[in-house]
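Here is a short set of exercises to work through with a structure open beside you. Try each task before you read the solution.

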Amino acid sequence: MTGDARPSGPVPARRVVPGWSGLRRRLGYPDRWRALRRRLPDRRRWRDHLITVGWLVTVWSLLWGEFSVGNLLSGVLAAVVILVFLPLPRVTFGGRLRPLALAEFVGRFVVELVVASVQVGWVALRPGRPRNAIIAIRLRVRTDLNLALTAEVLSLVPGTLIVEADRETGTLYVHVLDVRGAEDLARSRERILGLEARLVRAVGSGTELRLLSSSSGNAEPGGPP
């Protein structure tokens with residue numbers, strides 16, 4: 001004889017242990033917790049705030065001439081006051097760091113520093129007054145971050161100075177030293193656009209790289225893109 005003997009009568013109800021999904025529903029998730037998470041800043045926003053605070057504290061300490069505990073604490077306080085009462089436009093970093101392109105950018109930048117320093121020294125020593133010019137360069141990647149980085153790097157090169165920046169059109173107005181003709185103007189434009197290209201290749205996003213390669217790099221404001 002085969003088969004199991006089963007007890008007759010009503011089957012007792014099994015106690016259902018709630019799983020993770022049931023526990024989330026009992027706690028009011030996702031409605032309650034999602035509403036709470038919407039009130040909190042996301043991780044990218046916290047990261048941007050921390051980077052901004054770190055940068056402001058560094059600049060604050062450099063302005064005071066030393067890194068001390070007092071300067072660090074006062075720098076953090078100044079950074080918090082600036083972020084709360086004088087909020088800056090949000091600038092996010094959506095690019096990717098490329099070590100080889102960054103090494104090329106740093107190497108070319110050092111060479112440009114040395115060459116520009118020698119040229120400025122020669123202009124200061126030779127007789128006669130140099131002719132200067134202000135040229136407008138429309139950048140091919142018109143993001144706030146690229147505009148700020150390109151302007152900062154250009155300001156570090158002797159003989160060039162940022163006069164004005166147009167955020168809407170992504171145009172930099174650059175004062176250049178010792179311009180004697182149209183060839184010098186064209187050479188300065190090529191040098192600035194080349195610096196922007198190396199900068200984008202070092203830290204830019206894929207979209208910015210495609211924009212850089214597809215753009216003709218016109219340097220005149222109001223001209224064709």
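**Exercise 1. Work out how the strands of the sheet are arranged.**

Solution. Begin with one pair of strands: β2 and β3 are joined by 6 bridges and run antiparallel. One place to check this by eye is I162, which stands opposite V174 in β3. Keep in mind that you are looking at a predicted model.

Next, take the other pair. Here too 6 bridges make the link, this time between β1 and β3, and these strands run antiparallel. A residue to click on is R138, whose bridge partner in β3 is T171.

Now put the pairs together. The 3 strands form an open sheet in the order β1-β3-β2, with antiparallel pairing. β1 and β2 (160-166) are the edge strands; each has a single partner strand, so one side of each has no neighbour in the sheet. From one strand to the next, the twist averages 25°.

Finally, look at the hairpin of β2 and β3. It has 4 residues between the strands, and among them you may want to find G170, which takes a positive phi near 65°.

**Exercise 2. Find the helices that lie across this sheet, and give an angle for each.**

Solution. Start with α6. This helix lies across β2 and β3, and it runs at about 160° to β2.

Then turn to α7. This helix lies across β1, β2 and β3, running at about 40° to β1.

To place these elements in the whole chain, read along the sequence: the pattern is α-α-α-α-α-β-α-β-β-α-α. That corresponds to 8 helices and 3 strands.

**Exercise 3. Decide whether T171 is buried or exposed, and find a polar partner for its side chain.**

Solution. First locate the residue: T171 lies in strand β3, which covers residues 171-176. Its relative accessible area is 0%, so T171 is buried. The cut-off for buried is under 20%.

Then look for the partner. The side chain of T171 makes a polar contact with the side chain of T169, at 2.8 Å.

**Exercise 4. Identify the best-connected members of the largest nonpolar core, and say which elements supply it.**

Solution. A general point helps first: in soluble globular proteins, nonpolar side chains tend to be buried together.

In this model the largest nonpolar core has 23 residues, and L172 and V174 touch the most other members. At least two residues of this core come from each of α5 (99-125), β1 (133-138), α6 (144-156), β3 and α7 (182-203). The largest share, 6 residues, comes from α7.

To see the surroundings of L172, leave out residues up to four places away in sequence. L172 then touches residues including I135, I137, L147, L154 and I162.

**Exercise 5. Describe the setting of E196.**

Solution. Begin with its place: E196 is in helix α7. With a relative accessible area of 0%, E196 is buried.

Now list its contacts, again leaving out residues up to four places away in sequence: E196 touches L139, R140, V141, N146 and T150. Take L139 as an example of how sequence and space differ here. E196 and L139 are 57 residues apart in sequence, yet their C-alpha atoms are 7.5 Å apart in space.

For the chain as a whole, consider contacts between residues at least 6 apart in sequence: 70% of them join residues at least 24 apart.

**Exercise 6. Classify the aromatic pairs, and state how accessible their residues are.**

Solution. A pair of aromatic rings is described by the distance of the centres and the angle of the planes. The count comes to 2 aromatic pairs.

The pair W60 and W64 has 6.2 Å from centre to centre and 50° between the planes, which makes a tilted pair. Both residues lie in helix α3 (residues 43-64), 4 residues apart, or about one turn of the helix. W60 is partly exposed at 28% relative accessibility, while W64 is exposed, with a relative accessible area of 56%.

For F105 and F109, the ring centres are 6.3 Å apart and the planes are at 10°, so this pair is stacked. The cut-off used here is that planes under 30 degrees apart count as stacked. F105 and F109 both lie in helix α5, 4 residues apart, about one turn of the helix. Both F105 and F109 are buried.

Note on methods:
Residues numbered from 1 in each chain as written. Predicted model: local features only at pLDDT ≥ 70, side-chain atom pairs only at ≥ 80, totals over all residues. Heavy atoms only, no water. Buried < 20%, exposed > 50% of the residue type's maximum accessible area, 1.4 Å probe, protein only. Polar contact = N/O pair within 3.5 Å; in protein donor to acceptor, adjacent residues only side chain to side chain. Core = buried A, V, L, I, M, F, W, Y, C linked by side-chain atoms within 4.5 Å. Contact = heavy atoms within 4.5 Å. Pairing = 2+ DSSP bridges. Axes fitted to C-alpha atoms, helices over the stretch in contact; angles between N-to-C directions. Phe/Tyr/Trp six-rings, centres within 6.5 Å; stacked < 30°, edge-to-face > 60°.
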